[in-house]
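Here is a short report for a reader new to this structure. Look over the sequence and the model first, then read on.

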Amino acid sequence: MAMHWDVFLDEVQERGEYKTRAEADRAARTVLGLLGAHLVGEVRVELAARLPETFALILLNPLQAAEPLSAERFVRATAAWIDGATERTAAWDVGAVLSVTADAAGEELTRRVLLQLPPGYDLLFGRPHNGTTLATTSDD
């Protein structure tokens with residue numbers, strides 16, 4: 001079920017510590033537009049179905065990307081699309097939007113989204129090591 005627009009933006013505004021809903025909306029539109037260019041097939045459609053309609057349409061009709069961007073380059077691209085943004089503020093924008101997106105998607109879909117993205121996006125989604133298996137040893 002799709003997250004309601006007000007709830008989604010309220011969460012983005014709170015996590016991004018934006019003064020206005022318009023700032024949260026701008027960040028969400030930019031980040032989801034860039035993210036949509038990196039996802040394909042059922043995963044993109046399923047993610048869109050969990051987002052408010054406005055943001056679902058942005059995800060399904062993304063900004064164009066010639067190649068998959070590393071997490072670092074994704075942040076730089078976000079900075080380039082937001083007037084007055086720096087890489088540092090863009091990283092904040094990306095984290096706010098993608099962590100709310102991950103909450104809307106749920107753990108299983110977020111894991112599948114991360115499998116389509118280059119390494120490092122798990123941190124942007126606020127899900128360190130999600131989608132990867134870490135081998136651990138125990139001395140017990």
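A residue counts as buried when its relative accessible area is under 20%. Thr101 has a relative accessible area of 0%, so Thr101 is buried. The model behind this value is predicted.

**Confidence**

The protein chain has a mean pLDDT of 89. Of its residues, 91% reach 70 or more. One stretch calls for care. Over residues 131–140 the pLDDT is below 50. Beyond near neighbours in sequence, that stretch has three contacts in the model.

**The core**

The largest nonpolar core holds 43 residues. Which of them touch the most other members? They are Phe8, Leu32, Leu35, Leu47, Phe74, Tyr121 and Phe125. Eight helices each give two or more residues to this core: helix 1 (5–16), helix 2 (21–36), helix 3 (41–50), helix 4 (53–60), helix 5 (71–81), helix 6 (87–105), helix 7 (107–116) and helix 8 (121–124). Helix 6 gives the largest share, nine residues.

**Two buried threonines**

Thr101 sits in helix 6. Thr78 lies in helix 5. Thr78 also has a relative accessible area of 0%, so Thr78 is buried. The table lists the contacts of these two residues and of Leu32, leaving aside neighbours within four places in sequence.

| Residue | Residues in contact |
|---|---|
| Thr101 | Phe8, Leu32, Leu47, Leu51 |
| Thr78 | Thr30, Val31, Leu34, Ala90, Val94 |
| Leu32 | Phe8, Leu51, Phe55, Ile58, Leu59, Val97, Thr101 |

Some names recur. Thr101 touches Leu32. Phe8 is in contact with Leu32, and Phe8 also touches Thr101. Leu51 is likewise in contact with Leu32 and with Thr101. Phe8 and Leu32 are also among the core members that touch the most others. So is Leu47, another contact of Thr101.

**Helix 3 against helix 4**

How do helix 3 and helix 4 cross? Their axes come within 8 Å and cross at roughly 160 degrees. Angles over 145 degrees count as roughly antiparallel. Helix 3 is therefore roughly antiparallel to helix 4. Their crossing is right-handed.

Which residues meet here? Helix 3 brings Arg44, Val45, Leu47 and Ala48. Helix 4 brings Ala56, Leu59 and Leu60. Two of these residues link back to the contacts above. Leu47 touches Thr101, and Leu59 is in contact with Leu32.

Terms used:
Residues are numbered from 1 along each chain as its sequence is written. This is a predicted model: local features need pLDDT of at least 70, side-chain atom pairs count only at pLDDT 80 or more; totals for chains, interfaces and linings use all residues. Side-chain values use heavy atoms; hydrogens and water are left out. A nonpolar core is a set of buried Ala, Val, Leu, Ile, Met, Phe, Trp, Tyr and Cys residues joined through side-chain atoms within 4.5 Å. Buried means under 20% relative accessible area, exposed over 50%, partly exposed in between (1.4 Å probe, protein chains only). Helices (H or I, at least four residues) and strands (E, at least two) are DSSP runs, numbered from the N terminus. Contact means heavy atoms within 4.5 Å. pLDDT is the predictor's confidence in each residue, from 0 to 100. Axes are lines fitted to C-alpha atoms, for helices over the stretch in contact, and angles run from 0 to 180 degrees between N-to-C directions. Angles under 35 degrees count as roughly parallel, over 145 as roughly antiparallel, 65 to 115 as roughly perpendicular and the rest as oblique. A crossing is left-handed if the near helix is turned anticlockwise from the far one by less than a right angle, and right-handed if clockwise.
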